[in-house]
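Reader: I would like a close look at one part of this model, the place where the strands lie side by side. Please take it slowly, and then place that part in the whole chain.

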Amino acid sequence: MQNLTSFFTSKEYVRVFVEVAYGASFVKNYLTNFDAKLEYAFNMPNLNDLQVVALLSPYGNISAVITDSLEGFPEYLARTKTLYWTDDMESTLKFANSIGMKVLQPKTPVPIGFQGRFETPGGYVVELAELSEEGKQYFNPDPAKLGFA
């Protein structure tokens, strides 16, 4: 029997929100103290120059949103708790909806590819990510060039 996790292609990433003043030190600390690797980083200038940084660690993956303001963003963004990769956003969201999850964000373009979100009963918001060919340019960046080393 198929379940929702059969659509996921990664372990979970815990979503954290970090103020810009602490962004570089947060990333440096995680890289140093959690045996982590910088997976990807990108900015979204049209959204308060928000930066998204993913950190891979055997002790827990992190998806950090570095910004001073979520003003103008959909309210569900701040309620997002985890992220999973998928190879088929549409099918994953369709399945989530079919088992009682509320789709909050349909497949939406972002620099690394696409994102979507659904909400479980009780209000837990999960983000999905799907990589595009163009998005590969943001992977495996040099932490020193981004001020994270």
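Author: Start with a single pair of residues: Val-16 has Ala-64, a residue of β4, standing opposite it. The model is a predicted one. The strands behind this pair are β1 and β4, which are joined by 6 bridges and run in the parallel sense. On the other hand, β1 (residues 13-18) and β5 (residues 80-85) are antiparallel, with 2 bridges between them. One residue of β1's partner strand can be named here: Thr-82 in β5 is the bridge partner of Val-14. In general, the strands of a sheet pair through backbone hydrogen bonds, in either a parallel or an antiparallel way.

Now widen the view. The strands form an open sheet of 8 with mixed pairing, and their order is β2-β3-β4-β1-β5-β8-β7-β6. Why do β2 and β6 each have one side without a neighbour in the sheet? Both stand at the edges and each has a single partner strand, so nothing in the sheet flanks the other side. On average, direction ignored, neighbouring strands are turned by 25 degrees against each other. A helix, α1 (residues 20-33), packs on this sheet and touches β1, β2, β3 and β4. The direction of α1 makes about 165 degrees with that of β4.

Several strands also take part in the largest pocket, whose volume is about 310 Å³. Its lining has 23 residues, and those closest to the centre are Met-44, Leu-77, Val-110, Gln-115 and Arg-117. At least two lining residues come from each of β2 (37-44), β3 (50-56), β4 (61-66), α2 (75-78), β6 (102-110), β7 (113-119) and β8 (125-131). The element that gives the most is β6, with 4 residues. Sorted by class, the lining holds 16 nonpolar, 4 polar and 3 charged residues.

One residue beyond the strands deserves a look. Phe-139 lies in the segment after β8. Leaving aside residues up to four places away in sequence, Phe-139 touches Glu-39, Tyr-40, Trp-85, Ile-112 and Leu-131. Gly-72, by contrast, is 27 Å from Phe-139, C-alpha to C-alpha, and 67 residues away in sequence.

Last, the whole chain. It has 3 helices and 8 strands, and from the N terminus on they follow the pattern β-α-β-β-β-α-β-α-β-β-β. The radius of gyration is 15 Å, close to the 15 Å that the globule rule gives for 149 residues, so the chain is as compact as a globular protein of that length. Along the principal axes, the C-alpha atoms fill a box of roughly 45 × 35 × 30 Å.

Definitions and conventions. Residues are numbered from 1 along each chain as its sequence is written. This is a predicted model: local features need pLDDT of at least 70, side-chain atom pairs count only at pLDDT 80 or more; totals for chains, interfaces and linings use all residues. Side-chain values use heavy atoms; hydrogens and water are left out. On a 1 Å grid over the protein atoms alone, a cavity is a set of points where a 1.4 Å probe fits but cannot get out, and a pocket is an open set with protein on both sides within 12 Å along at least five of seven lines; lining residues have an atom within 4 Å of a point. Grid points are joined across faces, edges and corners, and a volume is the space filled by probe spheres set on the points. Ala, Val, Leu, Ile, Met, Phe, Trp, Tyr, Cys and Pro count as nonpolar, Asp, Glu, Lys and Arg as charged, and the others, Gly among them, as polar. Two strands pair if DSSP finds at least two bridges between them. Axes are lines fitted to C-alpha atoms, for helices over the stretch in contact, and angles run from 0 to 180 degrees between N-to-C directions. Contact means heavy atoms within 4.5 Å. The radius of gyration is taken over C-alpha atoms; the globule rule is 2.2 Å times the number of residues to the power 0.38.
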